[in-house]
Amino acid sequence: MSLDYHAIIFDCDGVIVDTETISNRVMFELLNEKGIQISLDTIHQEFTGYTTQHNLDTIEKLAHVKLQDDFVLEYKARFEKHIDQFLAPINGVPELLSKIQSPFAMATNANRKEMDYKLNKIGLIEAFKTRFCVEDVEKGKPAPDMYLKAAEALNVTPSNCIVIEDSVAGITAGVAAGATVFAYGAMVDPADQMKAGATKTFASMKELEALLGL
């Protein structure tokens with residue numbers, strides 16, 4: 001499949017770097033240590049692609065608990081230790097980026113410090129000279145604000161953009177912005193991605209290359 005598009009906007013976590021697996025596992029283990037029973041499958045389904053604050057609110061609703069004030073600090077410290085040790089680009093990402101001739105950008109629900117740290121860590125910060133984080137907009141994903149801002153920065157209408165996402169929240173944001181969304185199905189059920197509005201799902205960056213006509 002080859003598509004007429006003028007720009008590509010990538011999510012970060014779960015698309016460029018495999019932080020979703022790390023963050024969900026850290027959250028699962030920490031919750032268990034606190035005696036809060038939420039399954040790893042539920043965490044994958046309900047937490048992937050959302051902001052940390054959204055996920056903390058979800059924990060309190062699902063488990064009917066009030067988290068201690070230091071919980072988020074403990075989670076972030078543990079998460080940062082893990083990504084410092086294990087963070088890497090998803091297989092095939094550097095090769096994919098090297099083949100893209102169109103303008104491209106990043107739009108992520110992470111904050112700027114986290115985004116820049118991850119991109120520096122995997123050696124791709126120079127590739128994403130145009131990048132936006134949750135601090136750049138009034139509302140993060142699933143609101144469309146970030147993708148609208150990224151498209152504007154690339155001087156391309158959203159309808160001429162391909163958004164590369166994985167989470168339901170991100171897909172919802174891309175669709176709401178008016179973009180075409182391709183979804184990476186490694187962590188999230190492709191059926192859920194299609195239900196959220198993805199045009200196509202793919203299981204590898206080689207498949208994405210074909211979808212983009214590279």
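Does Glu209 count as buried or exposed, and at what relative accessibility? At 7% relative accessibility, Glu209 counts as buried. Buried here means under 20% relative accessible area, exposed means over 50%, and partly exposed is in between, with a 1.4 Å probe and protein chains only. Glu209 sits in helix α10 (residues 205-212). Leave aside its neighbours within four places in sequence, and Glu209 is in contact with Glu95, Leu96, Lys99 and Leu214; contact means heavy atoms within 4.5 Å.

Some ground rules before going on. This is a predicted model, in which local features need pLDDT of at least 70 and side-chain atom pairs count only at pLDDT 80 or more, while totals for chains, interfaces and linings use all residues. Residues are numbered from 1 along each chain as its sequence is written, and side-chain values use heavy atoms, with hydrogens and water left out.

## The whole protein

The secondary structure adds up to 10 helices and 6 strands. Helices (H or I, at least four residues) and strands (E, at least two) are DSSP runs, numbered from the N terminus. A compact globule of 214 residues would have a radius of gyration near 17 Å, and the protein agrees, with 17 Å. That radius is taken over C-alpha atoms, and the globule rule is 2.2 Å times the number of residues to the power 0.38. Along its principal axes, the C-alpha trace spans about 50 × 35 × 30 Å.

Of the 214 residues, 47% count as buried. Among contacts between residues at least 6 apart in sequence, 62% join residues at least 24 apart. The accessible surface comes to about 10100 Å², and 49% of that belongs to carbon and sulfur atoms. Accessible areas come from the Shrake-Rupley method with a 1.4 Å probe; for residues, only the protein chains shown count as cover.

## The sheet

Now for the strands. Strands of a sheet pair through backbone hydrogen bonds, either parallel or antiparallel. Here, an open sheet of 6 strands runs in the order β3-β2-β1-β4-β5-β6, with parallel pairing. Its edge strands are β3 and β6 (200-202), each pairing on one side only. Two strands count as paired if DSSP finds at least two bridges between them.

Three of the pairings look like this:

| Strand pair | Bridges | Partners |
|---|---|---|
| β2 and β3 | 2 bridges | Ala107 and Phe132 |
| β1 (residues 7-10) and β2 | 3 bridges | Ile8 and Phe104 |
| β4 (residues 161-165) and β5 | 4 bridges | Ile162 and Thr180 |

Strand β2 has side chains going both ways: Phe104 and Met106 point one way, Ala105 and Ala107 point the other way, and all are buried. Strand β5 (residues 180-184) is mostly covered too, with 4 of its 5 residues buried.

## Helix α6

Which residues of helix α6 (residues 112-121) are buried? They are Met115, Asp116, Lys118 and Leu119. These cover an arc of only 160° around the axis, which puts them on the same side of α6; the arc is that of the directions from the helix axis to the C-beta atoms. Their cover includes α1 (19-33), β2 (104-107) and β3 (131-132).

At the N-terminal end of α6, Asn111 acts as a cap, with a side-chain oxygen 3.2 Å from the backbone nitrogen of Lys113. After α6 comes Gly123, whose phi is positive, near 75°.

## Ile171 and Pro142

Ile171 is in helix α8 (residues 168-177), and it is buried, with a relative accessible area of 0%. Not counting residues up to four places away in sequence, Ile171 touches Glu165, Asp166, Val181, Ala183, Gln193, Ala196, Gly197 and Ala198.

Ile171 and Pro142 are 29 residues apart in sequence but 7.6 Å apart in space, C-alpha to C-alpha. Pro142 lies in the loop between β3 and α7 (145-153). A cis peptide bond, with omega about 20°, joins Lys141 and Pro142.

## Two loop residues with positive phi

His64 is not a glycine, yet its phi is positive, at about 55°. His64 lies in the loop between α3 (52-63) and α4 (71-86), and at 72% relative accessibility it counts as exposed.

Asn155 is not a glycine either, and its phi is positive at about 60°. You'll find Asn155 in the loop between α7 and β4. At 73% relative accessibility, Asn155 counts as exposed.

Conventions
A polar contact is a pair of N or O atoms within 3.5 Å; within protein, one must be able to donate a hydrogen and the other to accept it, and residues adjacent in sequence count only if both atoms are side-chain atoms.
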